[in-house]
Amino acid sequence: VWQKTKDIFGKNQDNKPSIPLTRITVAPLLKGIMNCGVCGSRMIPTYTNKQGKRYRYYLCSYKAVGNNDSCSVGRISAVEAENLVTNQILGLLKKPEFIVNTISQSAGKISESVVINSFKQIEKVWDELFPIEQARIVSLLVKDITFNPNGLNIRIFKEGLHSLSNELND
């Protein structure tokens, strides 16, 4: 019985493409940390396809299920929101205070010049990270994001900066 079961599972694994369990194929960078500034609900990641092109965005969850038709936020382009947040985070990581803190915590494990040069090239390093790692760093640093019709309000975890600095030294 064991061998027959194993053979059946083996056959099913061969030549059969795996089907994703969700519609989202890339880890949304701001999932779980962005809120609607008008009604206070979570902004959920989703997408639509038009003429073969995928458009990703974050959608007010109350508006999505029809609970709040008066919410004026609706949805925001995921690319725009993620770029704004990423630019803020990279700017934060370039600040001299963060670099000095990282150098002081390295306690001779990493040379000062290596730390400084790494942070000077932070955009290049960021672009080379896997999306899941980018999302992990964002969730480590960002407490929450509130999206209003007039912009984004990003709140940073001070403790997250220290945790990230410690990770960089390990």
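**Exercise 1. Which residues does N35 touch, not counting residues up to four places away in sequence?**

Before we start: this is a predicted model, so treat every value as computed from it.

*Step 1.* Find N35 in the chain. N35 sits in strand β1, which covers residues 34-36.

*Step 2.* List the contacts. N35 touches S41, R42, M43, D144, I145, T146 and F147.

*Step 3.* Pick out the polar contact. The side chains of N35 and R42 make one, at 3.2 Å.

*Step 4.* Look at the strand pairing. The bridge partner of N35 in β5 is T146, and T146 is also on the contact list.

*Step 5.* Check the burial. N35 has a relative accessible area of 15%, and buried means under 20%, so N35 counts as buried.

**Exercise 2. Work out how the sheet that contains β1 is put together, and what packs on it.**

*Step 1.* Get the order. The sheet is open and has three strands, arranged β1-β5-β6, with mixed pairing.

*Step 2.* Find the edges. β1 and β6 (151-156) each have a single partner strand, so one side of each has no neighbour in the sheet. From one strand to the next, the twist averages 25 degrees.

*Step 3.* Zoom in on one pair. β1 and β5 (residues 142-148) run parallel and are joined by three bridges.

*Step 4.* Add the helices. Helix α3 (residues 78-93) lies across β1, β5 and β6, at about 40 degrees to β6. Helix α7 (residues 131-141) packs on the sheet too, touching β5 and β6, and its direction makes about 90 degrees with that of β5.

**Exercise 3. Trace the pairing from β2 through β3 to β4.**

*Step 1.* Start with β2 (residues 43-50) and β3 (residues 53-60). These two run antiparallel, held by eight bridges; one partner pair is N49 with R54 in β3.

*Step 2.* Look at the turn. β2 and β3 make a hairpin with two residues between them, and Q51 in that turn has a positive phi of about 50 degrees.

*Step 3.* Move on to β4 (residues 75-77). β3 and β4 pair over three bridges, again in the antiparallel sense, and Y57 stands opposite S77 in β4.

**Exercise 4. Why do C60 and C39 not form a disulfide?**

*Step 1.* Take the distance. The closest cysteine sulfur to that of C60 belongs to C39, 3.4 Å away.

*Step 2.* Compare it with the cut-off. A disulfide needs the two sulfur atoms within 2.5 Å, so this pair is too far for a bond.

*Step 3.* Check the total. The structure holds zero disulfides.

*Step 4.* Now the surroundings. C60 is buried at 0% relative accessibility, and C36 is buried as well, at 2%.

**Exercise 5. How many salt bridges does the structure hold, and what do some of them link?**

*Step 1.* Recall the idea: side chains of opposite charge can pair when their charged atoms come close.

*Step 2.* Count. The structure holds four salt bridges.

*Step 3.* Take R56 and E82, with closest N and O atoms 2.6 Å apart. This pair links strand β3 to helix α3, across 26 residues. R56 is partly exposed at 29%, whereas E82 is buried at 9%.

*Step 4.* Take E123 and K94, which meet at 2.6 Å. E123 is in helix α6 (residues 122-128) and K94 is in the loop between α3 and α4.

*Step 5.* Take D144 and R155, 2.9 Å apart at the closest N and O atoms. D144 belongs to strand β5 and R155 to strand β6. D144 is buried at 15%, while R155 is partly exposed at 40%.

Methods:
Residues are numbered from 1 along each chain as its sequence is written. This is a predicted model: local features need pLDDT of at least 70, side-chain atom pairs count only at pLDDT 80 or more; totals for chains, interfaces and linings use all residues. Side-chain values use heavy atoms; hydrogens and water are left out. Helices (H or I, at least four residues) and strands (E, at least two) are DSSP runs, numbered from the N terminus. Buried means under 20% relative accessible area, exposed over 50%, partly exposed in between (1.4 Å probe, protein chains only). A polar contact is a pair of N or O atoms within 3.5 Å; within protein, one must be able to donate a hydrogen and the other to accept it, and residues adjacent in sequence count only if both atoms are side-chain atoms. Contact means heavy atoms within 4.5 Å. Two strands pair if DSSP finds at least two bridges between them. Axes are lines fitted to C-alpha atoms, for helices over the stretch in contact, and angles run from 0 to 180 degrees between N-to-C directions. A salt bridge is a side-chain nitrogen of Lys or Arg within 4 Å of a carboxyl oxygen of Asp or Glu.
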